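Hi there,

Here is the structure I promised to send over. Have a look at it first, and then read on for what I found in it.

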Amino acid sequence: MENKILIYDSVEISFDGEAVVHDVSFSLTPGEILGLVGESGSGKSTLIKAAMGLLGSGLVTRGNICYMGQNILDISEKEKRKIRGAGIGMIFQDAGASLCPIRTIGDQIYESMRAHKKVSRNDAKARALELLSKLNFKEPERIWDSYPFELSGGMNQRAGIAISMLMNPPILLADEPTSALDVSVQRQVVREMLKLRELFGTAIIIVTHDIGVVRAMADTVLVLKNGKMVEYGEAKKVLNHPQDPYTKKLLAAVPR
């Protein structure tokens with residue numbers, strides 16, 4: 001049990017009384033990158049949204065989700081808010097869409113940091129510019145002053161990743177973070193997420209149907225089909241010697 005910062009134990013998730021995720025168990029250690037793969041509709045995004053309390057009308061109907069030894073499902077909404085962002089960060093498929101179009105990136109960074117601790121605008125800016133520089137953004141100051149519509153989709157996505165890491169959460173959940181991007185920006189985003197692990201020891205769960213991204217990043221892989229686990233283990237073993245027919249089919253569909 002020790003050294004596990006996130007544990008899903010026999011988790012079932014239901015919508016309108018119907019289970020869509022069945023009996024899923026896995027764990028995450030500091031700095032580990034877990035690739036969550038499967039076809040669209042297999043329950044990948046639902047699974048990680050459960051840890052953030054973002055299921056909307058859905059409910060975890062069985063099992064436990066423990067963050068740092070505490071069952072997230074048993075705590076109050078106020079306590080969940082403390083974990084969101086500061087304990088578990090999240091990047092969405094289209095980070096640009098989750099940014100407010102009429103406020104600068106700098107304003108949004110300051111507000112997201114202030115939600116978790118007392119911080120002056122100058123301190124927030126200094127911290128943000130330092131992180132953007134470490135992630136090899138060429139003009140951090142310009143990004144701070146820009147509105148989302150003044151930046152490209154790829155730059156908004158990269159800014160979204162940086163914002164999610166400003167509170168230095170031990171865990172980052174990434175929901176299809178590269179799927180809306182062209183190949184060169186995809187590579188940048190993968191490099192930046194690996195850099196976050198290098199800088200901060202961040203553990204990452206990456207939801208993707210892109211096996212190339214999983215090969216480039218993941219230490220462990222969990223394969224989902226129709227909300228059920230079909231394979232889970234070390235990335236090299238799962239990707240090079242898959243045991244389940246579904247995993248074999250999934251890998252065979254990847255263009256060589």
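**Around Phe92**

Once neighbours within four places in sequence are set aside, Phe92 is in contact with Leu54, Ser98, Gln157, Asp175 and Pro177. Please keep in mind that this is a predicted model. Phe92 sits in the loop between E6 and helix H3 (95-98). Its relative accessibility is 30%, so Phe92 counts as partly exposed. Ser45 is 47 residues away from Phe92 along the chain, and the C-alpha atoms of the two are separated by 9.6 Å.

**Helix H8**

The helix I spent time on next is H8, which covers residues 183-200. How far apart should the ends of its 18 residues be at 1.5 Å a residue? The expected span is 26 Å, and the end C-alpha atoms are indeed 26 Å apart, so the two agree.

Which residues of H8 are buried? They are Val185, Gln186, Val189, Val190, Glu192, Met193 and Leu196. These residues take up an arc of only 160° around the axis, which means that they lie on the same side of H8. Val183, Arg191 and Glu198, on the other side of H8, are exposed.

Several elements help to cover the buried residues of H8. Among them are the strands E6 (88-91), E7 (171-175) and E8 (203-207). The helices H5 (121-134), H7 (153-164) and H9 (211-217) are also included in that cover. After H8 comes Gly201, with a positive phi near 70°.

Arg158 is worth a look while you are in this region. This residue belongs to helix H7, and with a relative accessibility of 6% Arg158 counts as buried. Apart from neighbours within four places in sequence, Arg158 is in contact with Gln188, Val189 and Glu192, and also with Leu135, Asn136 and Phe137. Two of these names, Val189 and Glu192, appear in the list of buried H8 residues as well.

**Salt bridges**

How many salt bridges does a search of the whole structure find? The search finds 10. Side chains of opposite charge can pair when their charged atoms come close. Here are three pairs to look at.

- Asp107 and Arg121 form a salt bridge in which the closest N and O atoms are 2.9 Å apart. Asp107 is in helix H4 (residues 105-114) and Arg121 in helix H5, so this pair ties together parts that are 14 residues apart in sequence. Asp107 is partly exposed, with a relative accessible area of 24%, and Arg121 is also partly exposed, at 36% relative accessibility.
- Lys125 and Glu141 meet through their side chains in a salt bridge, at 2.6 Å from N to O. Because Lys125 lies in helix H5 and Glu141 in helix H6 (residues 140-145), the pair ties together parts 16 residues apart in sequence. Lys125 counts as partly exposed at 23% relative accessibility, and Glu141 is partly exposed with a relative accessible area of 40%.
- Asp219 and Arg197 are joined by a side-chain salt bridge of 2.7 Å, N to O. This pair links distant parts of the chain, 22 residues apart: Asp219 is in the loop between H9 and strand E9 (220-225), and Arg197 is in helix H8. Asp219 is partly exposed, with a relative accessible area of 32%, and Arg197 is partly exposed, with 24%.

**How H4 meets H5**

At what angle do the axes of H4 and H5 cross? They cross at roughly 110° and come within 9 Å, which makes H4 roughly perpendicular to H5. From H4, the contact is made by Gly106, Asp107, Ile109, Tyr110 and Met113. From H5, Arg121, Ala124, Arg127 and Ala128 take part. Asp107 and Arg121, the salt-bridge partners from above, are thus both part of this contact.

**Helix H11**

Last comes helix H11 (residues 245-252), in which Tyr246, Thr247, Leu250 and Leu251 are buried. Their arc around the axis is only 130°, so they are on the same side of H11. The face turned away from that buried side carries Pro245, Lys249 and Ala252, which are exposed. The buried residues of H11 pack against strands E3 (33-37), E9 and E10 (228-234), and against helices H9 and H10 (235-240).

Happy browsing, and all the best!

Key: Residues numbered from 1 in each chain as written. Predicted model: local features only at pLDDT ≥ 70, side-chain atom pairs only at ≥ 80, totals over all residues. Heavy atoms only, no water. Helix = DSSP H or I, 4+ residues; strand = E, 2+ residues; numbered from the N terminus. Expected span 1.5 Å × (residues − 1). Buried < 20%, exposed > 50% of the residue type's maximum accessible area, 1.4 Å probe, protein only. Arc of directions from axis to C-beta. Contact = heavy atoms within 4.5 Å. Salt bridge = Lys/Arg side-chain N within 4 Å of Asp/Glu carboxyl O. Axes fitted to C-alpha atoms, helices over the stretch in contact; angles between N-to-C directions. Parallel < 35°, antiparallel > 145°, perpendicular 65-115°, else oblique.
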